[in-house]
Amino acid sequence: MLIRQFPEGFLWGASTAAYQIEGAWNADGKGESIWDHFSHQPYRIENGDTGDVACDHYHRAPEDVALMKQLGLRAYRFSLAWTRILPAGRGTVNSKGLDFYDRLLDELHKAGIQANVTLNHWDLPQALQDLGGWANRDCTDWFADYARIVFDRFGDRVALWATHNEPAVVASGYAQGVMAPGLADASQAYRVVHHLNLAHGKAVQVFRQGNYRGKIGIVLDLQNFIPASDSEADHLAAQRVTENAHDLYLGPIFRGRYPAYLSEWLGALAPQPQPGDLELIHQPIDFLGVNHYFTALVSHHPHGGLLKSTMSMKTLPMWGQTEVGWGVYPAGLTAMLHKAHQFAGGLPIYITENGCAAHDEPDSDGFVKDYERIAYLRLHLIAAHDALQAGVNLQGYFIWSLMDNFEWASGYRPRFGIVRVDYATQKRIPKLSAHWYAGVIQANAVTL
Ligand code: FCB
């Protein structure tokens, strides 16, 4: 039997995000976030779903940590709701919000599970959005202040801090209208890109100045974009899409510059750093988190929006698409890990998200035999192992997601969890994939 053995100490975990699981959207003094605001408007989210209750994790955290322990997770990646801690985004601190995360961190510690915390998984305080949100340069200082508060309070118990999760998706919320805040204004979106980068730099600076324990990095979504044909037009379209999705972040953070071709293409829309900004952004970090789900074929298209491009999914011949319409092409993960390794200059890389919305069919007990998800995960772990063998400094893997949850504009329809959530009863039922993953963790290996 062929066995893909992972290195000793490889970090196996699962990921979630505050708005997607916590619920309790206005409990104990929590303020309104842009996702609360957005999901409460008609026709923004499929089926009119909201994160008001979600998985009610706010009230069930101890039970959820017990479940993580039962699965043998070595680490748990979650995000803080900025509005629980600072209901208006700045100013008065809500101690009950801090207390919730205190309890969660203590539970994780007792269970022997490493805590990895993201500061910004998209749920910006609405009070700050009312002032322009990430399009307002002051937001970079509000973020740094928020970061200081949470580093001071939790800095002794967090192993890995991430400033942002997928800043490209945050920026898309200002450009495409699909995600909160639901704006469609490209001129704001590229200002947002720069401010997200600058906010990252300022938070890293605060972290270094405070000498906290743990490490700090950022989580980027690196989907693999390849030209649909050999034509020069398709090559350039793929380059524009790639630079827009990856290099607007990788470039300034690791090389101290924005991508030249895209900046030229964008003209006056391109990010406009002020003197000193790029130095702040381009300071050493400790790790890079990579979220990866799919590979897309990019074609040039004269009516394809600002980037004049269209995309279709690349998928292995036996696979159609996952429940959310994404293809399955594991070699894309290997390629993205190589790219991450190259940019990050050998820093530790973590796969901070990877997973599959499968067509789950529960039996009468709510048990799901999700062979489709297991196959997806196994193929991607083998692809990750390929990168390891080729010398990529990959140190961990986090499944998206620990449990089914609120999938943003798609509401509760897609189910990404390895644990089923019965939303009517809030019962958690580990799927077959959860049992499979527990076996992988225990063996520190995947069998072919
Ligand atoms: C990523 C997000 C995560 C989840 C997965 C499916 O883009 O970071 O919150 O929605 O996609």
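Q: Is the crossing where α7 passes α9 right-handed or left-handed?
A: This is a predicted model, so let's start with how two of its helices pack. The α7 and α9 axes come within 8 Å and cross at roughly 35°. As for the hand, α7 passes α9 in a crossing that is right-handed.

Q: Of the residues in the contact of α7 with α9, how many are nonpolar?
A: On the α7 side you'll find Thr-140, Asp-141, Phe-143, Ala-144, Ala-147, Arg-148 and Phe-151. They meet His-195, Leu-198, Ala-199, Lys-202, Ala-203, Val-206 and Phe-207 of α9. Two of the contact residues are polar and three charged, and the nonpolar ones number nine.

Q: Which residues does His-200 contact, leaving aside its neighbours within four places in sequence?
A: His-200 belongs to helix α9, which covers residues 186-210. Its relative accessible area is 0%, so His-200 is buried. With neighbours within four places set aside, the residues it touches are Thr-163, His-164, Gly-217, Ile-218, Ile-253, Ile-281 and Ile-285.

Q: Are the rings of Trp-82 and Tyr-146 stacked or edge-to-face?
A: A search of the whole structure turns up 34 aromatic pairs, and Trp-82 with Tyr-146 is one of the pairs. Their ring centres are 4.5 Å apart. The planes sit at 5°, and under 30 degrees counts as stacked, so this pair is stacked.

Q: How many residues apart in sequence are the parts that the pair of Trp-82 and Tyr-146 ties together?
A: Trp-82 is in helix α4 (residues 82-85), while Tyr-146 is in helix α7 (residues 139-154). Both count as buried, Trp-82 at a relative accessible area of 1% and Tyr-146 at 0%. Since the two rings sit in separate helices, the pair ties together parts whose distance in sequence is 64 residues.

Q: What kind of pair do the rings of Phe-6 and Phe-10 make?
A: Phe-6 and Phe-10 are both buried. Their ring centres lie 4.8 Å apart, with the planes at 50°. That angle is neither under 30 nor over 60 degrees, so the pair is tilted.

Q: At what distance from the ring centre of Trp-265 does the charged end of Arg-240 sit?
A: Arginines lie over rings at two places worth a look. Arg-84 lies over the face of Phe-100, at 5.8 Å from the ring centre. Arg-240 has its charged end over the ring of Trp-265, and its distance from that centre is 3.9 Å.

Q: Is Arg-157 buried or partly exposed?
A: Arg-157 lies in the loop between α7 and β5. Leaving aside neighbours within four places in sequence, it contacts Asp-102, Leu-105, Asp-106 and Ala-115. Its relative accessibility is 23%, and buried would need under 20%, so Arg-157 counts as partly exposed.

Q: How many charged residues are in the contact of α13 with α14?
A: The axes of α13 (residues 331-344) and α14 (residues 371-389) come within 8 Å and cross at roughly 35°, and the crossing is right-handed. Leu-333, Thr-334, Leu-337 and His-338 of α13 meet His-380, Ala-383, Ala-384, Asp-386 and Ala-387 of α14. Five of the contact residues are nonpolar and three polar, and the number charged is one.

Terms used
Residues numbered from 1 in each chain as written. Predicted model: local features only at pLDDT ≥ 70, side-chain atom pairs only at ≥ 80, totals over all residues. Heavy atoms only, no water. Phe/Tyr/Trp six-rings, centres within 6.5 Å; stacked < 30°, edge-to-face > 60°. Buried < 20%, exposed > 50% of the residue type's maximum accessible area, 1.4 Å probe, protein only. Helix = DSSP H or I, 4+ residues; strand = E, 2+ residues; numbered from the N terminus. Lys NZ or Arg CZ within 6 Å of the ring centre and 35° of its normal. Axes fitted to C-alpha atoms, helices over the stretch in contact; angles between N-to-C directions. Left-handed = near helix turned anticlockwise from the far one by under 90°. Contact = heavy atoms within 4.5 Å. Nonpolar A, V, L, I, M, F, W, Y, C, P; charged D, E, K, R; others polar.
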